[in-house]
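Keep the structure open while reading. The tour starts at one ligand, moves to the other, and ends with a link within the protein.

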Amino acid sequence: MTMAPSDADPAPTAVASQPVPGGPQRKGLLLILSSPSGAGKSTLSRRLMTWDPTLAFSVSATTRPPRPGEVDGRHYHFRSRPEFEAMVAAGEMLEHAEVFGNLYGSPRAPVEQAMAAGRDTLFDVDWQGGQQIRSSALGRDVVSVFILPPSIAELETRLRGRGQDSEAVIAARMAKSRDEISHWAEYDYVVVNRDADAAEEELRTILRAERARRDRQPWLGEFVRGLNREFEGLT
Ligand code: ADP
Ligand code: 5GP
């Protein structure tokens, strides 16, 4: 297992290809990562963002207290329950759900801004968030990936190894994992996170391929018209 961030790669293909100047803007896609707690979503998200700094991370709001080292506004927007509920009531959440007795939700505005700017957004949400975003108006722009642990024993080892949760919290998370894993088949892709380097590479491959889809390159029509004009110039 290697946990060092991989920095040997050349710069990522931030946007699959270069848009034609003046051509229609590419809309950002929504990359959803879900997994049982401890399988490695946060680790893999961090690595993907290091690989591609153009990726926007959807910073969720939560009523759970911060873990040591977690920064408000960067890892989560830490909110009281009444504050969170007011955001939901004001329609500010793209999705929200109760997980392990706390509320979690994805604020809508930053996602819409990133999409409009052609930036892809990464989500670390549970299966309920995945379902809600897929069935929202933005569902067509979703690419979803479920991360599986190599074994349940390893999942527990990782949860303990993280050293941030009490025994009671670890037990609650383990009990919930079976339920989370039962949703694996709702996702477009599944990655087993044995080796972090290999799992990261699989995620990069998924992102590269999804960015290269024809319908994600709206400028292609104009580009091919240009190729045809070039043909005409040759005759
Ligand atoms: P999640 O966000 O899914 O709850 P984390 O990313 O916090 O999970 O990972 C849980 C723990 O497992 C962390 O201590 C992390 O460093 C470790 N970890 C993640 N991926 C791997 C891997 N492929 N091999 C070994 N340990 C890993
Ligand atoms: P943690 O407390 O370990 O950071 O996260 C616990 C669980 O909540 C994880 O499964 C994580 O994916 C999920 N989660 C984090 N943010 C959101 C969110 O905005 N919406 C939903 N539905 N789940 C979230």
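Three residue classes are used here: Ala, Val, Leu, Ile, Met, Phe, Trp, Tyr, Cys and Pro are nonpolar, Asp, Glu, Lys and Arg are charged, and the others, Gly among them, are polar. On that scheme, the shell around ligand 2 holds six nonpolar, four polar and seven charged residues. Bear in mind that this is a predicted model.

Which residues come closest to ligand 2? They are Ser-60, Arg-64, Tyr-76, Tyr-104 and Arg-173, out of 17 residues that surround the ligand. Two side chains make polar contacts with oxygen atoms of ligand 2. In Ser-60, a polar side-chain atom sits 2.7 Å from such an oxygen. In Arg-173, an N or O atom of the side chain is likewise 2.7 Å from an oxygen atom of the ligand. The backbone takes part as well: an N or O atom of the Gly-105 main chain lies 3.2 Å from an oxygen atom of ligand 2.

How much of ligand 2 does the protein bury? Alone, the ligand exposes 510 Å², and the protein buries 95% of that area. The space that ligand 2 takes is the largest pocket. Strand S5 (93-99) and strand S6 (102-107) are the elements that give two or more residues to its shell.

Now turn to ligand 1. Around this ligand there are 18 residues, and Gly-38, Ser-42, Thr-43, Arg-162 and Asn-193 come nearest. By class, its shell has five nonpolar, seven polar and six charged residues.

Follow the polar contacts here too. The side chain of Thr-43 places an N or O atom 2.5 Å from an oxygen atom of ligand 1. Arg-158 faces a nitrogen atom of the ligand instead, with a side-chain N or O atom 3.2 Å away. Arg-162 has a polar side-chain atom 2.8 Å from an oxygen atom of ligand 1. On its own, ligand 1 has 570 Å² of accessible area, and the protein covers 85% of it. Ligand 1 also takes space that is the largest pocket. Which elements give two or more residues to the shell around ligand 1? They are helix H1 (41-51) and helix H5 (152-162).

Last, look within the protein. The whole structure contains 23 salt bridges. One of them joins Arg-211 to Asp-120, with the closest N and O atoms 2.7 Å apart. Arg-211 belongs to helix H7 (residues 196-211), while Asp-120 is in the loop between helix H3 (108-116) and strand S7 (121-124), so this pair ties together parts 91 residues apart in sequence.

How values were computed. Residues are numbered from 1 along each chain as its sequence is written. Chains are lettered from A and ligands numbered from 1 in the order in which they are written. This is a predicted model: local features need pLDDT of at least 70, side-chain atom pairs count only at pLDDT 80 or more; totals for chains, interfaces and linings use all residues. Side-chain values use heavy atoms; hydrogens and water are left out. A residue is near a molecule or strand if one of its heavy atoms lies within 4 Å of it. A polar contact is a pair of N or O atoms within 3.5 Å; within protein, one must be able to donate a hydrogen and the other to accept it, and residues adjacent in sequence count only if both atoms are side-chain atoms. Accessible areas come from the Shrake-Rupley method with a 1.4 Å probe; for residues, only the protein chains shown count as cover. On a 1 Å grid over the protein atoms alone, a cavity is a set of points where a 1.4 Å probe fits but cannot get out, and a pocket is an open set with protein on both sides within 12 Å along at least five of seven lines; lining residues have an atom within 4 Å of a point. A molecule sits in a cavity or pocket if more than half of its atoms lie within 2 Å of its grid points. Helices (H or I, at least four residues) and strands (E, at least two) are DSSP runs, numbered from the N terminus. A salt bridge is a side-chain nitrogen of Lys or Arg within 4 Å of a carboxyl oxygen of Asp or Glu.
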